[in-house]
Amino acid sequence: MNTDELRKILDEHKVYLESLGESGSRANFSGTYLRDANFSGANLRDADLSWANLIKANLHGANLRNADLRGANLRNADLRGADLSGADLRAARLPDHTYVVMGEKYPITITNGEYILAGCQNHTIEDWRKFTKREIAEMDGKTALKFYPRLLDIADFYLGKGERPEWLNELDSEERDD
């Protein structure tokens, strides 16, 4: 598929999304050879990418929310910052160290063992481990402060034990005093 064909499908998909399905057409890349395709920042929400070959595709920052990725081959694809919330990933071949964690307060995607998208916040794992109490609070107030230790627990589980900011120890003792 050439760049012009790809652009036309994405343009029609944009109309489809903006019109809530009344016009345009849903992107259908089912079974398509899209190796090395550039979808950086693309809105592929609700798109059909089932059984597509997306090896080495650039999906950096792409919106793949509720996309059909069943059986898609995403090996070596760049999924940094991609939103995979609600995507159907059954039988999909994901890049190494890429996980979608469901059932938490915020949707969580760990990409290439390097980035963590929690809710709308996307940062490297190193940055997540170094945030100040104020920086976390600015994300979503007390809800984020309460969730932050859980996020680090999830990161530790999937990526191995890592550093935690010193202020978390203070938070634990404050909670014990309440």
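**Figure 1. Ile110 of strand β2 meets its partner in strand β3.** Let us start with one pairing: the bridge partner of Ile110 in β3 is Ile116. The model shown here is a predicted one. Ile108 also has a bridge partner in β3, namely Ala118. Taken together, β2 and strand β3, which covers residues 115-118, pair in the antiparallel sense over four bridges. The two strands belong to a hairpin with three residues between them, where Asn112 takes a positive phi near 55°. For readers new to sheets, strands pair through backbone hydrogen bonds, and the pairing can be parallel or antiparallel.

**Figure 2. On its other side, β2 pairs with β1.** Here three bridges join β1 to β2, and the two strands run antiparallel. Ile110 appears again in this view, as the bridge partner in β2 of Tyr99. β1 and β2 form a hairpin too, with six residues between them. Look in the turn for Gly103, which has a positive phi of about 80°.

**Figure 3. Four strands make up one open sheet.** Stepping back from the single pairs, the strand order is β1-β2-β3-β4, with antiparallel pairing. Which strands are at the edges? They are β1 and β4 (121-124), each of which pairs on one side only. On average, neighbouring strands of this sheet are turned by 15° against each other, direction ignored. Helix α3 lies across β1, β2, β3 and β4, and it runs at about 45° to β2.

**Figure 4. Thr109 sits inside strand β2.** This close-up centres on Thr109, which has its place in β2 (residues 108-111). Is Thr109 buried or exposed? Its relative accessible area is 3%, so Thr109 counts as buried. Leaving aside residues up to four places away in sequence, Thr109 touches Ala82, Leu84, Tyr99, Val100, Tyr115, Ile116 and Leu117. The rest of the strand completes the picture, as both faces of β2 are covered. Ile108 and Ile110 are buried on one side, and Thr109 and Thr111 are buried on the other.

**Figure 5. Helix α3 changes direction at Gly141.** The bend at Gly141 in α3 is about 125°. The ends of the helix tell a matching story: α3 has 27 residues, yet its end C-alpha atoms are only 23 Å apart. A straight helix would reach 39 Å at 1.5 Å a residue. Many side chains can be followed along α3, and the buried residues include Ile136, Ala144, Leu145, Tyr148, Leu151 and Leu152. Ile154, Ala155 and Asp156 are also among the buried residues of α3. After the helix comes Gly160, whose phi is positive, near 100°.

**Figure 6. Aromatic rings pair up in several places.** A pair of aromatic rings is described by the distance of the centres and the angle of the planes. Across the whole structure, a search finds six aromatic pairs. One of them joins Tyr106 and Phe147 edge-to-face, at 5.1 Å centre to centre and 70° between the planes. Why does this pair link separate parts of the chain? Tyr106 lies in the loop between β1 (99-101) and β2, whereas Phe147 lies in helix α3 (residues 133-159), so the pair ties together parts that are 41 residues apart in sequence. Both Tyr106 and Phe147 are buried.

**Figure 7. Phe157 and Tyr158 form a second edge-to-face pair.** Their rings are 4.9 Å apart centre to centre, with 90° between the planes. How open is each residue to its surroundings? Phe157 is exposed, with a relative accessible area of 67%, while Tyr158 counts as partly exposed at 29%. Ring pairs also bring in Tyr99, linking Tyr99, Phe157 and Tyr158 into a cluster.

**Figure 8. The whole protein puts the close-ups in context.** There are four helices and four strands in the protein. Read along the sequence, these elements follow the pattern α-β-β-β-β-α-α-α. The C-alpha trace spans about 60 × 35 × 25 Å along its principal axes. Of the 178 residues, 42% count as buried. Among contacts between residues at least 6 apart in sequence, 24% join residues at least 24 apart.

Definitions and conventions: Residues numbered from 1 in each chain as written. Heavy atoms only, no water. Buried < 20%, exposed > 50% of the residue type's maximum accessible area, 1.4 Å probe, protein only. Contact = heavy atoms within 4.5 Å. Phe/Tyr/Trp six-rings, centres within 6.5 Å; stacked < 30°, edge-to-face > 60°. Pairing = 2+ DSSP bridges. Axes fitted to C-alpha atoms, helices over the stretch in contact; angles between N-to-C directions. Expected span 1.5 Å × (residues − 1). Bend = angle between axes of the 7 residues up to and from the residue.
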